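Please open the structure in a viewer and keep the selection tool at hand. The tour below proceeds stop by stop, stating what to select and what is found there.

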Amino acid sequence: MKYFGTDGFRGEAGKVLTTDHAYKIGRFLGYYFGKEHRGKIVIGKDTRRSSYMFEYALVAGITASGSDAYLLHVTTTPSVAYVVRTEDFDCGVMISASHNPYYDNGIKIMDGNGHKMMGSLEEDIENYIDGKIPELPFVTGEDVGVAIDYAIGRNRYIGFLISLATRSYKGKRIGLDCANGSTFNIAKNVFDALGAKTYVIGADPNGLNINNNVGSTHINALVDLVKEKDLDCGFAFDGDADRCIAVDNTGKVIDGDYIIYICGKYLKKNGKLDGNHVVCTIMANLGCFKALERAGIEYDVTTVGDKYVNEDMVEKGYVLGGEQSGHIIFSKHATTGDGILTAIMLMEVIMEEKSSLHDLASGMQKYPQLLKNVRVSDLDAVMNDEQVLAAKDEITSELGDEGRILLRKSGTEPVIRVMVEAGSDELCAKYVDQMVKVIRAEFPE
């Protein structure tokens with residue numbers, strides 16, 4: 001599609017994504033969901049400065065088409081999904097560019113069940129933006145929609161999170177990195193209510209510092225906090241809080257692969273791992289796959305993107321899946337990745353097993369991994385080239401069961417991602433360089 005990708009319409013605010021786009025998205029959503037009744041659309045936003053202008057543009061479009069806009073204000077992506085599916089809304093909209101810098105922004109649309117919106121509707125929105133659909137009628141008089149303050153929805157979501165914990169966290173010292181984003185006014189409240197002693201960074205947003213050297217994509221800030229304060233563990237979220245990366249008491253980073261292993265093993269032990277399956281992506285570390293096999297847990301492997309993880313989980317009824325980046329879906333509780341929920345689920349394992357996060361993760365050993373991007377003009381030509389495929393097969397054969405090579409087209413830029421996992425950093429570098437040389441020989445810059 002032209003505008004919408006796997007995670008909504010995203011780009012530099014005011015340049016790639018404009019208020020005109022937001023207004024037209026609002027116009028179409030208000031019209032579409034207001035055909036048979038007065039539409040109800042709930043909107044959340046992160047802390048980016050541009051989120052305010054997109055919020056108001058969406059509201060103008062929605063109300064001009066005769067539907068009502070309910071405003072959660074600054075909140076998380078998973079909270080919008082929660083409110084949509086539990087409070088009878090037609091759809092939800094989240095204004096965020098997730099882990100991107102402040103100057104980017106995005107618009108994500110969810111259906112009435114809290115899942116990402118079907119592609120056919122997004123395609124209709126694109127056609128309306130481009131003038132391929134006739135101009136929509138404006139409503140008048142009492143049919144004009146209204147904007148409603150709906151902060152209570154965010155408060156209900158906070159209550160839901162607190163209700164998931166089965167034990168008090170009293171005596172636990174926990175670090176929280178809110179990425180100067182959506183969790184700045186939520187995460188501390190949740191963990192304080194559960195009895196933990198919390199230490200917080202990245203909770204002073206100014207509209208320009210979201211994800212700036214803090215959050216799940218800049219984990220060293222949390223590592224330093226955990227070590228400095230001698231904490232039991234820490235949790236870092238991204239700008240819209242659909243990701244969580246943890247840090248144990250030694251400062252070791254516990255990414256999404258570890259989280260799936262720890263939680264999958266715990267759920268299996270307690271008879272709650274439906275289908276005895278978890279869902280990972282092709283980018284999960286080989287060490288994760290091997291640890292799951294040792295634990296007797298089966299796994300499905302999807303292409304990169306929490307959208308595809310969720311689709312596989314919904315289709316097959318699995319309860320746990322996610323990505324190395326920290327998008328973890330617990331389908332018994334949520335329809336999206338939810339950073340705070342993930343942190344609570346990890347704390348549940350820690351408390352129930354009476355163990356440290358460090359010890360829980362010790363059953364999995366990550367393989368060294370190296371990733372290089374190779375810029376090319378024709379991605380498909382590279383992926384189908386005989387010499388490239390032959391070189392990949394040769395490396396695969398040499399690595400055997402103790403490594404792997406992965407070639408993947410980027411979905412956002414003209415590069416081929418070459419990733420190798422092997423028993424040592426030296427082997428990773430050797431085979432990545434070998435593969436890159438073949439690509440460059442066949443496709444010179």
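The tour begins with the whole chain and then turns to individual elements and side chains.

**Stop 1: the whole chain**

Display the protein chain as a cartoon, bearing in mind that this is a predicted model. Its secondary structure comprises 15 helices and 19 strands. The radius of gyration is 23 Å, close to the 22 Å that the globule rule gives for 445 residues, so the chain is as compact as a globular protein of that length. Along the principal axes, the C-alpha atoms fill a box of roughly 70 × 60 × 40 Å.

Switching to a surface view shows an exposed area of about 18200 Å², of which carbon and sulfur atoms supply 48%. Buried residues make up 56% of the 445 residues. Of the contacts with a separation of 6 or more, 70% are between residues 24 or more positions apart.

**Stop 2: the N-terminal strands**

Select residues 4–5, strand E1, and residues 8–12, strand E2; the two run antiparallel and are joined by 2 bridges. Together E1 and E2 form a hairpin with 2 residues between them. Within this pairing, Phe 4 stands opposite Phe 9 in E2.

Next add residues 104–110, strand E6, which pairs with E2 in the antiparallel sense over 4 bridges. Here Glu 12 is the residue opposite Asp 104 in E6.

**Stop 3: a network of charged side chains**

Remain in this region and show the side chains of Asp 7 and Arg 10. A salt bridge joins Asp 7 and Arg 10, at 2.6 Å from N to O. Are its two partners buried or partly exposed? Asp 7 counts as buried, at 18% relative accessibility, whereas Arg 10 is partly exposed, at 24%.

Now extend the selection to Lys 108, Lys 116, Asp 240, Asp 242 and Asp 306: with Asp 7 and Arg 10, these residues are linked in a network of salt bridges. The whole structure contains 25 salt bridges, and the next stop presents further examples.

**Stop 4: two further salt bridges**

Select helix H1, residues 19–32, and display Asp 20 and Lys 24, which are 4 residues apart and therefore separated by about one helical turn. Their closest N and O atoms are 3.6 Å apart, and the pair forms a salt bridge. Lys 24 is partly exposed at 21% relative accessibility, and Asp 20 is likewise partly exposed at 42%.

Then move to Asp 300 and Lys 316, whose side chains meet in a salt bridge of 2.7 Å, N to O. Asp 300 belongs to strand E14 (residues 298–302) and Lys 316 to helix H10 (residues 306–316), so this pair ties together parts that are 16 residues apart in sequence. Asp 300 counts as buried, with a relative accessibility of 13%, while Lys 316 is partly exposed at 40%.

**Stop 5: positive phi angles on either side of a helix**

Select helix H7 (220–229) and the loop between it and strand E9 (197–201), where Asn 213 is located. The phi of Asn 213 is near 60°, a positive value in a residue other than glycine. Asn 213 is exposed, at 54% relative accessibility.

Follow the chain to the loop between H7 and strand E10 (233–237), which holds Asp 230. Asp 230 is not a glycine either, yet it has a positive phi of about 55°. At 58% relative accessibility, Asp 230 also counts as exposed.

**Stop 6: a three-stranded sheet and its helices**

In what order do the 3 strands of the last sheet on this tour lie? This open sheet has the order E17-E19-E18, with antiparallel pairing. Its edge strands are E17 (369–375) and E18 (404–409), each of which pairs on one side only. On average, neighbouring strands are turned by 15° against each other, direction ignored.

Select E18 together with strand E19 (residues 415–421); their antiparallel pairing extends over 6 bridges. Leu 406 stands opposite Met 419 in E19.

Finally, add the two helices. Helix H14 (residues 386–399) lies across E18 and E19 and runs at about 150° to E18. Helix H15 (residues 425–442) packs on the sheet and touches E17, E18 and E19. The direction of H15 makes about 15° with that of E17.

Terms used: Residues are numbered from 1 along each chain as its sequence is written. This is a predicted model: local features need pLDDT of at least 70, side-chain atom pairs count only at pLDDT 80 or more; totals for chains, interfaces and linings use all residues. Side-chain values use heavy atoms; hydrogens and water are left out. Two strands pair if DSSP finds at least two bridges between them. Axes are lines fitted to C-alpha atoms, for helices over the stretch in contact, and angles run from 0 to 180 degrees between N-to-C directions. Contact means heavy atoms within 4.5 Å. A salt bridge is a side-chain nitrogen of Lys or Arg within 4 Å of a carboxyl oxygen of Asp or Glu. Buried means under 20% relative accessible area, exposed over 50%, partly exposed in between (1.4 Å probe, protein chains only). The radius of gyration is taken over C-alpha atoms; the globule rule is 2.2 Å times the number of residues to the power 0.38. Accessible areas come from the Shrake-Rupley method with a 1.4 Å probe; for residues, only the protein chains shown count as cover.
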